[in-house]
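Trainee: I should be grateful for a close look at a single part of this structure, followed by an account of the surroundings that help to place it.

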Amino acid sequence: MTESAAPQSEHRTVLLRGGEVHSPADPFATAMVVERGHVAWVGSEGAADSFAPGVDEVVDLEGALVTPAFTDAHVHTTATGLALTGLDLSGARSLPEALGLVRAHRAAHPEDRILLGHGWDSARWPEQRPPSRAELDEAAAGRPLYLTRIDVHSAVVTTALLDLVAGVTSLTGYHPDAPLTGAAHHAVRATAYGAVTARQRADAQRAARHRAASLGIGSVHECAGPEISGEEDFTALLRLAAEEPGPRVHGYWAESVTDEKGARRVRELGAVGAAGDLFVDGSLGSHTACLHEPYADAPHTGTAHLDAAAVAAHVAACTEAGLQAGFHAIGDAAISAVTEGVRAAAERLGLPRIRAARHRVEHAEMLTPATVAAFAELGLTASVQPAFDAAWGGEDGMYAQRLGGERARTLNPYAALLRAGVPLAFGSDSPVTPLDPWGTVRAAAFHRTPEHRISVRAAFTAHTRGGWRALGRDDAGTLVPGAPADYAVWRTEELVVQAPDDRVARWSTDPRSGTPGLPDLTPGRPLPVCLRTVIGGHTVFVRPNE
């Protein structure tokens, strides 16, 4: 990709030409003009000639693909950065390998007051168990250590860390030699993250935003809250994002609101909604997602944090204050509590007001036909993570272990949600699964349960425009005149149109269909490589040597 440019100024006019521009305004576009941070024109190569003399910069795409930048609708930015810069156990293939990584990290960080790590998943290990406290004490050489499970809903810790948390052994979720959950986990997490210095935190946030930009991600929805990362972390991230170039950060704060005062407090923090990880339940991997029927591998139904009445109170208060509400709900019982609560709020305030607020539900994995219909009726956005299915779905995956094959096959029914008219917004829940937008689109299009698959185009829309719509913005996430110039440039192979039904795919690839193509995401094929990411007309990432 080559360019000729005038000196950089605040509002440059840029012509991109000689590539493929993915735009509903012109399915055969090869050129685009950006002016004052917005898309000014999209069209053909011939028409681009008339713009060339009057622009400040001409970029020769050399056949590259230009798309809207992705939006990751569920991210934990600081935790993502800490995993990128610190101890990441997500690649550990066994318990001994994980303990070896702990020893190496301990030796490499002699000054850290508390050692932090993330990503262990014993369901993938031959041992099928987490590390014991004695094993961690040995690996950490007696130092405080906090290791979150891949889903971040439980953690294993050393004795030295427990000694720093007064009263932890009396809290719900404390287990003498098993992963901590619930209140015990939250207390230990607060102590562990409290040891992170302001410099460490800023470095982690910069690392996460740089990684996002390098993957063509133009904006993220930060899902923070008092039980997740704390106010200081949240407000520092929003300041950093406002002051430094990089992906946009839209912050959600997960705290229950009961009145206008509570809503005002959420706004004063800088949040766009009292939503995100406001926990109605936990996770399937940690046996804390709330189910109607017991787990297949445990004699209980998980943990409920909020009931329908609490959901209704939060939704009503937020709606009256003009604030978006939302919840974390994974199990079928938790999702039922959400839909019952939102419906109760609608009965009180009127359905049109509830629908207009675009309240959202994070994860929404264990849906039924009834709750899918309720999402559609109530105007709820499903903020979902297709990489969860890629990681834990399938006949032999963790979901099948926890739920049995029959229930596991019902999870993450994206096709049913789309058929019902439920808005989808895709994300990663990073660091639970990595920032990987094209991998996320692939995971939805090639879902492990074929009946839940959606077209690549629908999945791409959910990961671009869908994230903006979840914020209440209908004017972004697409390359049309007037839209914000948030875009990415990609090196990729031939463009195609892929859909679960071969008949649709064959027709759509006919030029007469007017359907813009996207990269071939068939499993095994290379994913597109991001060459450049631009936010509001300003370049925030350029791949070296390109």
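**A buried arginine and the packing of two helices**

Mentor: In this predicted model, Arg442 lies in helix 18, which spans residues 437-445. Is Arg442 buried or exposed? Its relative accessible area is 16%, and because the limit for a buried residue is under 20%, Arg442 counts as buried. Apart from residues up to four places away in sequence, Arg442 touches Leu521, Thr522, Pro523, Gly524, Arg525 and Leu527. One of these residues, Leu521, also offers its backbone oxygen, which the side chain of Arg442 reaches at 2.8 Å. By contrast, Ala408 stands 34 residues from Arg442 along the chain, and the C-alpha atoms of the two are separated by 20 Å.

Let us turn next to the nonpolar interior. In soluble globular proteins, nonpolar side chains tend to be buried together. Here the largest nonpolar core has 77 residues, and Val280, Phe375 and Leu424 are the ones that touch the most other members. Helix 11, residues 332-349, supplies the largest share of this core, with 9 residues. A second, separate core has 19 residues, among them Leu284, Phe388, Tyr399 and Val432. As for Leu424, its contacts beyond four places in sequence are Ala382, Val384, Tyr414, Leu417, Leu418, Ile454, Ala462 and Gly466.

Helix 11 also deserves attention for its packing. Two packed helices are described by the angle between their axes and the distance between the axes. For helix 11 and helix 13, the latter formed by residues 369-378, the angle is about 30° and the axes lie 10 Å apart. Their crossing is left-handed. On the side of helix 11, the contact is made by Ile335, Ser336, Thr339, Val342, Arg343 and Ala346, while helix 13 contributes Thr371, Ala374, Phe375, Glu377 and Leu378. Sorted by class, the residues in this contact are 6 nonpolar, 3 polar and 2 charged. Phe375 thus appears twice in this account: in the contact between the two helices and among the residues that touch the most other members of the largest core.

Finally, consider one residue of this contact in detail. Which residues does Thr371 meet, leaving aside its neighbours within four places in sequence? Thr371, which lies in helix 13, is in contact with Ile335, Ser336 and Thr339, and these three belong to the helix 11 side of the contact. Thr371 has a relative accessibility of 6%, and therefore it counts as buried.

Technical notes: Residues numbered from 1 in each chain as written. Predicted model: local features only at pLDDT ≥ 70, side-chain atom pairs only at ≥ 80, totals over all residues. Heavy atoms only, no water. Helix = DSSP H or I, 4+ residues; strand = E, 2+ residues; numbered from the N terminus. Buried < 20%, exposed > 50% of the residue type's maximum accessible area, 1.4 Å probe, protein only. Contact = heavy atoms within 4.5 Å. Polar contact = N/O pair within 3.5 Å; in protein donor to acceptor, adjacent residues only side chain to side chain. Core = buried A, V, L, I, M, F, W, Y, C linked by side-chain atoms within 4.5 Å. Axes fitted to C-alpha atoms, helices over the stretch in contact; angles between N-to-C directions. Left-handed = near helix turned anticlockwise from the far one by under 90°. Nonpolar A, V, L, I, M, F, W, Y, C, P; charged D, E, K, R; others polar.
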